[in-house]
Amino acid sequence: MAKASPIDLCTLHDGAVLEQIRSAMTQYGVLVFRGQKLSNEEQVAFARRLDGELHAKTSSSVLAKNRFGNEALTDISNVGGDGNILEAQDRRRMNGISNRIWHTDASFENPCGRYSMLYARNIPPVRADTEFADMRAAYEALSDELKETIAPLHVYHSIVYSRHTMGFDFSPEEQAKLPGATHPLVRTIEGSERKALYLASHAARIIEWEVPEGRLLLKDLIEHATQREFLSSHQWELGDLVIWDNRTTMHRARPFDDKKYKRELTRVTTLDLPRKAHIANTVNKAA
Ligand code: OGA
Ligand code: MN
């Protein structure tokens with residue numbers, strides 16, 4: 001995790017600076033930009049400039065209409081359309097609270113999520129941090145033998161599965177909109193050419209293995225990757241925009257009293273599509 005020096009992302013159109021941010025993302029995996037002032041539209045526009053196409057098939061989109069009228073702008077809050085704190089039993093709350101288990105955004109989609117950009121619009125007076133696990137460092141710390149075992153494996157990711165483990169179930173109609181996706185367990189990240197474990201609580205089974213053995217290995221690997229030495233934590237301030245690379249990190253929200261305090265953030269996640277075309281786009285638009 002690294003903190004960027006002061007910069008106004010809202011007015012940032014310079015292709016060279018955007019490229020510097022992408023390189024810093026490749027190096028650090030998580031970047032913190034303090035003191036941002038972004039409307040909903042400006043947050044979405046910045047995400048497009050930095051990284052291209054946006055993820056909109058979110059789990060919240062199958063539960064209720066987005067309160068901002070744009071499914072690419074995910075409402076990471078405990079607040080409803082009337083501005084009040086959600087009832088304890090509200091399905092949007094039950095779904096949102098599952099952000100407290102280790103996960104990767106949109107790993108249950110194909111293409112999956114690449115960058116997530118989370119912006120703090122209203123923060124509680126108590127700590128409600130976001131924690132990150134470095135999945136490249138975690139991969140590199142594995143034994144050579146285990147690296148060899150897991151190299152050819154693929155994992156089926158499903159948000160229906162991970163929510164079920166939390167006691168939250170989607171209806172059959174909702175499930176039909178969230179079919180899940182299969183991805184390699186180990187991915188090589190272009191730019192750094194380092195390898196990373198690609199895991200999440202959405203990881204339901206290893207395609208090549210029987211279910212119990214596969215599930216045990218997935219649990220072991222998540223336990224390994226979330227040891228202290230691979231973790232960093234972000235303590236939110238109003239106006240923070242935090243960007244993380246879902247290919248090289250897992251994350252989770254830390255608990256706070258969400259029945260008492262409001263916490264309102266908005267997230268935009270980009271899709272892991274080939275880069276070249278849209279970087280050329282950015283440079284062209286900036287010119
Ligand atoms: C997210 C998420 C964690 C938090 O926005 O994808 O998991 O601390 N957020 O709100
Ligand atoms: Mn998340």
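## Exercises around ligand 1 and the manganese ion

In this predicted model, ligand 1 is surrounded by Ile76, Asn99, His103, Asp105, Leu118, Asp129, Thr130, Trp244, His251, Ala253, Arg263 and Arg267. Let's work through what that shell does.

**Exercise 1.** Find how the residues of the shell around ligand 1 divide by character, and in which cavity ligand 1 sits.

*Solution.* Step 1: sort the shell by residue type, which gives four nonpolar, four polar and four charged residues. Step 2: look at the space that holds the ligand; ligand 1 sits in the largest cavity.

**Exercise 2.** Look for polar side-chain atoms that approach oxygen atoms of ligand 1, using a cut-off of 3.5 Å.

*Solution.* Step 1: begin with Asp105, where a polar side-chain atom is 3.0 Å from an oxygen atom of the ligand. Step 2: go on to Arg263, which has such an atom at 2.8 Å from a ligand oxygen. Step 3: for Arg267, the distance from a polar side-chain atom to an oxygen atom of ligand 1 is 2.6 Å. Step 4: turn to the area; of the 290 Å² of accessible area that ligand 1 has on its own, the protein covers 99%.

**Exercise 3.** Identify the protein donors of the manganese ion (ligand 2) and trace them along the chain.

*Solution.* Step 1: the donors are His103 through NE2, Asp105 through OD and His251 through NE2, at 2.1 to 2.2 Å from the ion. Step 2: written along the chain, their spacing is H-x1-D-x145-H. Step 3: His103 belongs to the loop between α4 (91-97) and β4 (113-122), while His251 belongs to strand β13 (residues 249-253), so this pair ties together parts 148 residues apart in sequence.

**Exercise 4.** Pick out backbone features at Ala106 and Pro111 in the loop between α4 and β4.

*Solution.* Step 1: recall that most residues other than glycine have a negative phi, and most peptide bonds are trans. Step 2: check Ala106, whose phi is near 60°, a positive value. Step 3: check the peptide bond from Asn110 to Pro111, which is cis with omega near -5°.

Key. Residues are numbered from 1 along each chain as its sequence is written. Chains are lettered from A and ligands numbered from 1 in the order in which they are written. This is a predicted model: local features need pLDDT of at least 70, side-chain atom pairs count only at pLDDT 80 or more; totals for chains, interfaces and linings use all residues. Side-chain values use heavy atoms; hydrogens and water are left out. A residue is near a molecule or strand if one of its heavy atoms lies within 4 Å of it. A polar contact is a pair of N or O atoms within 3.5 Å; within protein, one must be able to donate a hydrogen and the other to accept it, and residues adjacent in sequence count only if both atoms are side-chain atoms. Accessible areas come from the Shrake-Rupley method with a 1.4 Å probe; for residues, only the protein chains shown count as cover. On a 1 Å grid over the protein atoms alone, a cavity is a set of points where a 1.4 Å probe fits but cannot get out, and a pocket is an open set with protein on both sides within 12 Å along at least five of seven lines; lining residues have an atom within 4 Å of a point. A molecule sits in a cavity or pocket if more than half of its atoms lie within 2 Å of its grid points. Ala, Val, Leu, Ile, Met, Phe, Trp, Tyr, Cys and Pro count as nonpolar, Asp, Glu, Lys and Arg as charged, and the others, Gly among them, as polar. Donors are N, O and S atoms within 2.8 Å of the metal (3.2 Å for Na, K and Ca); water is not among the atoms, so sites may look incomplete. Helices (H or I, at least four residues) and strands (E, at least two) are DSSP runs, numbered from the N terminus.
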